[in-house]
Amino acid sequence: MRIAVYGASGFTGRLTAAEALGRGMTPVLVGRDEERLRKAAVEAGAADAEVRVAGLDTPAALADAFGDCDAVVNCAGPFTSWGEPVIRAAIAARRHYVDTTGEQRYINRVLDTMGGAAERAGVAVVPGMADDGGPGDLIAHLTAERVSPIEELLIADMRPPGGSASRGTARTMAAVFADGPLDYVDGSWHPAGSAARTSLAVPGSEEEVPVTGFALPGVATVPRHVTARRVRSVIREDVAAMFRALTSDVVDRIPETPDEDARRASRWLMVARADDGRGHHAQGWVTGPDGYRLTAVIAVEGARRLATGGEQAGALTPAQAFDPADFLGFLGSYEVTWQVTGPAA
Ligand SMILES: NC(=O)c1ccc[n+]([C@@H]2O[C@H](COP(=O)([O-])OP(=O)(O)OC[C@H]3O[C@@H](n4cnc5c(N)ncnc54)[C@H](OP(=O)(O)O)[C@@H]3O)[C@@H](O)[C@H]2O)c1
């Protein structure tokens with residue numbers, strides 16, 4: 001199986017190429033700079049891999065680069081700036097597409113606008129196959145099955161501060177923070193109000209930590225497969241404070257690649273809570289190690305499933321494209337664990 005990795009010269013792209021190779025697939029490294037792509041191929045342990053140069057302003061070259069691959073994984077962000085030409089090229093080449101974005105408004109726009117073209121081409125476009133948007137959407141679906149009707153579904157990224165981030169992630173998070181979060185209320189998306197929950201228990205402990213509204217992918221994805229009056233998202237206040245401090249000067253001083261030891265030691269944790277507004281709720285959580293490695297695993301497995309199973313076409317959320325419990329079960333071999341409990345009063 002040939003997997004085209006766009007943005008393969010970046011940190012996430014390199015890990016994705018390495019993951020595809022490790023799974024017995026043939027990564028094709030695509031991007032705008034041949035020298036950086038060749039260097040990335042060596043660093044990914046794929047020195048012999050094919051490198052193809054195609055910039056975002058050359059749609060025909062992009063579609064050509066994808067044409068003989070089974071699926072495209074796009075790792076070039078911020079996706080708000082660079083994502084859509086790559087999606088259009090994948091659709092033109094009739095190839096399934098996933099990406100590693102966590103950008104809420106970009107995901108919303110892709111899901112709102114790309115479905116028709118993807119359906120006509122017979123391919124699936126699944127944005128947000130990363131350690132937050134993928135597991136977050138899947139666990140929210142499983143949690144929501146326990147409660148009906150749902151007054152509010154809350155998605156929370158409860159990873160603690162400390163896991164180190166790449167410059168690319170910091171640049172993207174600064175932009176996401178500046179845009180502000182959306183809430184989904186009564187059938188449509190609006191700039192988030194201020195009444196979101198202000199603290200949340202960390203699963204497995206009695207500890208409640210302060211949380212604040214933040215633009216997570218789940219608000220864009222979950223309402224497309226779960227019926228809930230309101231969907232909101234929060235992160236820990238101590239993590240939000242770090243994002244708030246990300247001016248462009250600070251971003252430029254962050255190393256291109258995160259500290260290896262801190263990355264490997266870090267854990268991510270996504271929580272979903274469905275409330276019926278009458279005192280009952282269900283809660284689900286999913287956690288795993290090394291968010292960047294797992295993002296590569298999630299994106300490559302998503303691409304593989306689309307290329308081998310692929311009856312589905314259109315712009316889809318992770319839970320629409322893949323069986324939630326089966327996909328999370330697959331991640332179990334990468335030390336990912338998850339649980340759904342409730343309803344509880
Ligand atoms: N949601 C999540 O949990 C999650 C997890 C991992 C990554 N991500 C996202 O994935 C993206 C990449 O992160 P990263 O750490 O890998 O960043 P990075 O190391 O800075 O890599 C960025 C990649 O995008 C390419 N690129 C940038 N501008 C481009 C342009 N104008 N035309 C073509 N290619 C362009 C770069 O190519 P050059 O090498 O030629 O500059 C590079 O390959 C970020 O948006 C990040 O937020 C999200």
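**Exercise 1. The ligand shell**

How do the residues of the shell around the ligand divide into nonpolar, polar and charged?

Solution. Start with the model. It is predicted: local features need pLDDT of at least 70, side-chain atom pairs count only at pLDDT 80 or more, and totals for chains, interfaces and linings use all residues. Residues are numbered from 1 along each chain as its sequence is written, and side-chain values use heavy atoms, with hydrogens and water left out.

Step 1. Apply the distance rule: a residue is near a molecule if one of its heavy atoms lies within 4 Å of it. This shell has 29 residues, and Ser9, Thr12, Arg36, Asp131 and Ser166 come nearest.

Step 2. Sort by class. Ala, Val, Leu, Ile, Met, Phe, Trp, Tyr, Cys and Pro are nonpolar; Asp, Glu, Lys and Arg are charged; the others, Gly among them, are polar. The shell holds 10 nonpolar, 13 polar and 6 charged residues.

**Exercise 2. Contacts and cover**

Find polar contacts of the ligand (pairs of N or O atoms within 3.5 Å).

Solution. Step 1. Take the oxygen atoms of the ligand. One is 2.7 Å from a polar backbone atom of Thr12. A polar side-chain atom of Arg36 lies 2.5 Å from a ligand oxygen.

Step 2. Take nitrogen. A ligand nitrogen is 3.3 Å from a polar backbone atom of Thr100.

Step 3. Check the cover. On its own, the ligand has 930 Å² of accessible area (Shrake-Rupley method, 1.4 Å probe). The protein covers 89% of this.

Step 4. Place the ligand. Domain 1 (2–130 + 294–325) and domain 2 (133–290 + 339–344) both give residues to the shell, so the ligand lies between them. These bounds come from an automatic or database domain assignment.

**Exercise 3. Helix α13**

Test the length of α13, then judge its cover.

Solution. Step 1. Helices are DSSP runs (H or I, at least four residues), numbered from the N terminus. The expected span is 1.5 Å times one less than the number of residues.

Step 2. The 19 residues of α13 should span 27 Å; the end C-alpha atoms are 26 Å apart, which agrees.

Step 3. Buried means under 20% relative accessible area (1.4 Å probe, protein chains only). In α13, 14 of the 19 residues are buried.

**Exercise 4. Unusual backbone**

Where is Asp290, and is it buried or exposed?

Solution. Step 1. Asp290 sits in the loop between β14 (281–289) and α13.

Step 2. Its phi is positive, about 40 degrees, although Asp290 is not a glycine. Most residues other than glycine have a negative phi.

Step 3. Asp290 counts as buried because its relative accessibility is 7%.

How values were computed
A polar contact is a pair of N or O atoms within 3.5 Å; within protein, one must be able to donate a hydrogen and the other to accept it, and residues adjacent in sequence count only if both atoms are side-chain atoms. Helices (H or I, at least four residues) and strands (E, at least two) are DSSP runs, numbered from the N terminus. Buried means under 20% relative accessible area, exposed over 50%, partly exposed in between (1.4 Å probe, protein chains only).
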